Every structure is written in C-alpha cells, then in structure tokens.
Amino acid sequence: MTLQELKRRLSIPVIGSPLFIVSNPDLVIAQCKAGIVGSFPALNARPAEVLEEWLTRITTELDAYNAAHPDKPAAPFAVNQIVHKSNDRLQHDVQMCVKFKVPLVITSLGAQVEVNEAIHSYGGMVLHDVINQKFAHKAIEKGADGLILVASGAGGHAGVQSPFALVQETREWFKGPIALSGSIATGEAVLAAEAMGADFGYIGSAFIATREANAAEGYKQAIVDANAQDIVYTNLFTGVHGNYLRPSIVNAGLDPDNLPESDPSKMQFGSGGSGKSKAWRDIWGCGQGIGAVKDVPGAGEFVARLITQYQAARARLGLASTHQTA
C-alpha cells in the first residue's frame, strides 16, 4: 500500500491510535467504516489464539461492508506490534499479520528489520512511533515506511518535544508518511497537523470515550470531565514516561504531585503500578487534548464530527475540500 492509496481510502486524514486494553474489534470496525484507519494492539487479543479470531472477524466484516458499498469502501485497519524483548508473542503475532495481510502495521518500543520485511512481503505498510530524531532515523534505517511522531501532550507513552519542532526537524530529511500524535481531538487539529507537514492526525484519547471502546464507564466519564491540567507525566507505572489521568492516580492512593521515579530498565508493559493498581487498567493513560471531549458518542458519530470540523476549518481558510465526506 502506498501513501496515496491509503489517503484515497480515508474520509479525513486520521489514524485511530492503538489503545492498550481499550481497542477491540467493535471499535476498529466502527472507525474503518467511518473512514479512518482503525487499529488495535496485538496484545489486546488474549490469549494469543484470540488474535486470529479478531483478524478473521475484522477482515470478514470489512470485506462484507466493502462489497455492499463499492463506491465508498471502509478505510484499511492496522495492528500494533510491541517490538520489545518483553513481548514473547511477537513472532506469532507478526505471522498472523502476514497470514491476514494486514494493510498497516504500527510498531512500537523497538524497530526490527525482520518485522518490517515480513510486512513488506505481502505489500503491507509499516509505521513506527518515535519521540525524537534518534529513534526516527533508526526506524527508517531498519526499513519502516513511515513515522508516527509522538509529541508532547500525547496519551500513554509520550515524548516531550513540541509538535512544531518534531515535524519540522523530521521533514528536513524524511519525505515519507508521517502521522502526528499529541493532543489531537478535533478536525481543526487534524488540519493543523497537515499544515505543519504531517500526512495524518493520530487520535487516541478521544476514542476512549466512545461507546465501542473497551473502557470502564468511570474512565470514559473521567475523560469527559477532565482537561489538560488533569494530565500527569510520569515513568512510575511502566518505566517509560507517559501521560495519565490525575483522578486515576489519586484513586490508586498516590499523590500525583509527588510521584517517585521508576527504573527504566525494569519496564513492565501493561503490568506496572503500585500495589494492586496496574498501568492502563487502573492507572488510566490519557493525552492533553481531552478538553475537547464533551460526551460519549459512538465512534462513527465522533468521526463525523471530526469531518464537519475539518471541512469547516478548510472553508474558513479558503481551502477546497479534498476528502470524501462521511
């Protein structure tokens, strides 16, 4: 798949980011039918055998949708692979992506030539998420097709650099696909990402507060009630710095303003925490863009709002509409 082919399949240049625990087939299918890339972490399908069940369902339902809507097919979907030594499922999960010819694979926490070659073997595209230029160069050197620039304010494991600096410095040397992550929750923000030089807005936290998302109702409501000042940046829970909702830290019996540092060498993806509280399950990841989230709609309804906002922003700037409408 080329960048141009991918863009032609979208109603708005948006990739729904893979949300640990939260993303599931219901959310992915709804996102794709609405015209954006829907994605999920392979590790969400547990045990490992469930991944094949999820991929069967997603591909079957999207194929049926496309057959019924040949003039406006669904957007492609993506699977996120954690390329880290702690992930003992990586080989199995990549094999499943090859079997189902997953159109887009998002790699995180490490880059491997072998993973990229496996996805390229059937024509798939690989985007690797990075927080700085060092990791960006490594990802491209090892064969990734594009980059997800995780800027300050993004949910989960986030960087600290301004999106303006991160995109500008990357575009000085890289001409391939770029998605920008960091406080994007409106159509206006998607257009701003494009204006900076990115090809896609990368939206995660806002989709947690949708009906299809596999998140506790308290988590969804906390996102509706919170804003940027309720986000805490810490490496305590997994060993890697990330952004989390302040109320969930308080509920775990911790002081958000006095959190100790964690040892990065003891990274615990998805299992870190304090006492009985676990990262992602009890300590809720979230980005700074949630001030724009006012309710808990269906994913398709939220995408429709993004499209309306995006087209209105383009019109205000005197720009022609370039994407299909939902």
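This is a guided tour of a predicted model, arranged as a series of selections to make in the viewer.

**Helix H2 and its surroundings**

Begin by selecting helix H2, residues 25-34, together with helix H12, residues 299-316. Two packed helices are described by the angle between their axes and the distance between the axes. For H2 and H12, the angle is about 35° and the axes lie 8 Å apart. The crossing of H2 past H12 is right-handed. To display the contact itself, show the side chains of Leu27, Ala30, Gln31 and Ala34 on H2, and add Ala299, Gly300, Val303 and Ile307 on H12. Sorted by class, the residues of this contact between H2 and H12 comprise six nonpolar and two polar, with no charged residue.

Keep H2 selected and turn to its burial. Eight of the ten residues of H2 are buried, so this helix is largely enclosed by the rest of the structure. Colour Pro25, Leu27, Val28, Ile29, Ala30, Gln31, Cys32 and Ala34 to mark the buried residues of H2. Which elements do the buried residues of H2 pack against? Besides H12, the partners are strand S1 (14-16), strand S2 (38-41), helix H3 (50-68), strand S3 (77-82) and helix H9 (205-208). Immediately after H2, select Gly35, which takes a positive phi of about 105°.

**Val303, on the H12 side**

Next, centre the view on Val303, located in helix H12. Is Val303 buried or exposed? Its relative accessibility is 0%, and Val303 therefore counts as buried. A distance label drawn between the C-alpha atoms of Val303 and Gln31 should read 7.5 Å, although these residues are 272 residues apart along the chain. Leaving aside residues up to four places away in sequence, Val303 touches Ser11, Ile12, Ala34, Ile36 and Phe207.

**Ala206, in helix H9**

From there, move to Ala206, which is found in helix H9. Ala206 is buried, since its relative accessible area is 5%, below the cut-off of 20%. Its contacts, with residues up to four places away in sequence not counted, are Ala185, Val293 and Phe302. Adding Ile223 to the selection gives a C-alpha separation of 7.9 Å from Ala206, with the two positions 17 residues apart along the chain.

**Unusual backbone positions**

The next stops concern the backbone. Most residues other than glycine have a negative phi, and most peptide bonds are trans. Select Arg46 and Pro47 to see a cis peptide bond, with omega near -5°. Pro47 belongs to the loop between S2 and H3.

Proceed to Lys101, in the loop between helix H4 (90-100) and strand S4 (104-108). Lys101 is not a glycine, yet its phi is positive, at about 50°. With a relative accessibility of 55%, Lys101 counts as exposed.

Then select Leu109, in the loop between S4 and H5. Leu109 likewise is a residue other than glycine with a positive phi, here near 55°. Its relative accessible area of 27% makes Leu109 partly exposed.

**The second largest pocket**

Now display the second largest pocket, which holds about 170 Å³ of space. Its lining consists of 13 residues; those nearest the centre are Leu62, Asp63, Asn66, Phe77 and Pro103. Which helix gives the most to the lining of this second largest pocket? The answer is H3, with four residues. By class, the lining of the second largest pocket contains eight nonpolar, two polar and three charged residues.

**The second largest cavity**

End with the enclosed spaces. How many cavities of 30 Å³ or more does the structure hold? There are two cavities of that volume, and the second largest contains about 30 Å³ of space. To outline the second largest cavity, select Thr107, Ala111, Gln112, Val115, Asn116, Val126, His128, Ala139 and Ala144. Helix H5 (113-120) and strand S5 (125-130) each contribute at least two residues to this lining. The lining of the second largest cavity divides into five nonpolar and four polar residues, with none charged.

Note on methods:
Residues are numbered from 1 along each chain as its sequence is written. This is a predicted model: local features need pLDDT of at least 70, side-chain atom pairs count only at pLDDT 80 or more; totals for chains, interfaces and linings use all residues. Side-chain values use heavy atoms; hydrogens and water are left out. On a 1 Å grid over the protein atoms alone, a cavity is a set of points where a 1.4 Å probe fits but cannot get out, and a pocket is an open set with protein on both sides within 12 Å along at least five of seven lines; lining residues have an atom within 4 Å of a point. Grid points are joined across faces, edges and corners, and a volume is the space filled by probe spheres set on the points. Ala, Val, Leu, Ile, Met, Phe, Trp, Tyr, Cys and Pro count as nonpolar, Asp, Glu, Lys and Arg as charged, and the others, Gly among them, as polar. Axes are lines fitted to C-alpha atoms, for helices over the stretch in contact, and angles run from 0 to 180 degrees between N-to-C directions. A crossing is left-handed if the near helix is turned anticlockwise from the far one by less than a right angle, and right-handed if clockwise. Contact means heavy atoms within 4.5 Å. Buried means under 20% relative accessible area, exposed over 50%, partly exposed in between (1.4 Å probe, protein chains only).
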